[in-house]
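Subject: A structure for you to explore

Hi there,

Here is the structure I promised to pass on to you. Have a look at it first, and then read my notes below.

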Amino acid sequence: MISASIEPDPIVISSVLKASDLGFTRQVNAHSLKLRLSSARLVRMRLLASYANCAALFDARRAFDGLPDRDPVALTIMVSCYASHALMEDALAVFDRAVDKDTSRREGRCGVRDLQFDGGGARDREHHRCMVDLLGRVGRLEEAYDFVRRMRVVEPDHVVWGALLSACKSHRNLELGREVVGMLVESGKADSGTYVLLSSEWESAAQARADMKGNRIVKEPGCSSIEIHEFVMGDIWHPRREEVYKRLEELNEVLKAEEGYVAKVELVAQDIEEDAKERALGMHSERLAICLGLVSTAAGMTIRVVKSLRVCGDCHSMIKLVSKVTGRRIVVRDRKRFHCFEGGLCSCGDFW
């Protein structure tokens with residue numbers, strides 16, 4: 001349209017901003033400024049949503065602060081953006097601007113009480129998922145399990161059970177984790193991710209592998225994308241593969257020598273030798289994608305990766321250290337949330 005001298009209007013600009021690609025979003029934003037369309041509310045709102053979907057927190061907040069009036073839709077987008085990165089203090093700060101603080105907290109306490117003692121006071125399944133996640137985060141696993149079993153208004157789905165299973169893994173309660181897996185298998189809601197979450201040490205990983213085989217569940221292969229290339233584990237097809245693997249080897253040496261990194265081989269479910277397990281972990285797709293980012297972008301630039309599955313515990317620990325030794329901000333979006341790694345820390349607080 002631009003090359004044909006056809007001037008787009010705010011509806012066109014807002015429509016193409018749905019692409020949720022950061023580079024493209026910034027290009028469209030630049031065009032909207034040149035065309036003097038950036039002040040249109042439709043464009044401003046879509047720009048905010050697009051930056052939020054791209055995990056561009058700084059850009060999203062700048063777009064949010066630039067809104068002359070922040071209605072519930074804009075506030076919800078910004079709260080969701082912070083929440084997806086587990087930045088709860090920032091999310092609550094925005095939320096407190098939207099509603100009366102005392103009223104919201106009082107109603108929140110009532111809502112929690114109703115959910116706990118009435119076994120499903122809220123009609124929306126999302127409230128139940130949030131409640132299970134909340135209880136799981138603070139280690140009240142038995143209470144969360146009892147809450148799920150007493151849900152009456154809505155039937156617990158795989159997301160609700162998955163939130164509880166994730167908490168069992170984080171707090172290393174394998175006994176309850178196995179009971180949750182049993183419930184998922186019995187209800188036909190178990191998938192490969194169910195067993196991967198459970199296998200937090202080698203003995204349980206071996207059992208998890210046997211259970212998967214017995215229930216004819218095949219592990220979904222993971223892949224990670226950066227720019228226009230999608231990596232799978234051990235990928236050798238990228239034109240710059242030699243640079244990628246050299247950078248990965250250099251990183252491993254630095255992390256072991258300077259940061260004391262030790263691969264969590266107990267997370268590997270295959271029945272193979274210890275050194276083979278370490279090699280398998282070392283070639284996970286997200287590591288290859290990050291190394292491509294390191295060799296193909298300027299120092300200091302943010303690296304953004306999209307992962308099709310949940311990031312494993314070893315890769316999560318490794319990427320934290322990579323962000324520390326390289327001074328890079330690394331954003332990984334997995335199946336569950338955004339992980340913003342910076343300075344050796346992750347925005348999720350190691351709970352995901």
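**Strand β5 and its neighbours**

Let's begin with strand β5, residues 338-342: four of its five residues are buried, so the strand is largely enclosed by the rest of the structure. Buried here means under 20% relative accessible area. Please keep in mind that this is a predicted model.

Which strands pair with β5? One partner is β4, made of residues 330-333, which runs antiparallel to β5 and is joined to it by four bridges. If you would like a pair to find on screen, try V332, whose bridge partner in β5 is H339. Between β4 and β5 lie four residues, and the two strands form a hairpin.

On its other side in the sequence, β5 pairs with strand β6, residues 345-346, again in the antiparallel sense, this time over two bridges. Here you can look for F341, which stands opposite C346 in β6. β5 and β6 also form a hairpin, with two residues between them. In that turn, G343 has a positive phi of about 60°.

Now for the chain as a whole. Its secondary structure comes to 17 helices and six strands. The chain has 352 residues, and 43% of them count as buried. Its accessible surface is about 18,600 Å², with 53% of that belonging to carbon and sulfur atoms. Finally, among contacts with a separation of 6 or more, 63% are between residues 24 or more positions apart.

Enjoy exploring, and write back with any questions.

Best wishes

How values were computed
Residues are numbered from 1 along each chain as its sequence is written. This is a predicted model: local features need pLDDT of at least 70, side-chain atom pairs count only at pLDDT 80 or more; totals for chains, interfaces and linings use all residues. Side-chain values use heavy atoms; hydrogens and water are left out. Buried means under 20% relative accessible area, exposed over 50%, partly exposed in between (1.4 Å probe, protein chains only). Two strands pair if DSSP finds at least two bridges between them. Contact means heavy atoms within 4.5 Å. Accessible areas come from the Shrake-Rupley method with a 1.4 Å probe; for residues, only the protein chains shown count as cover.
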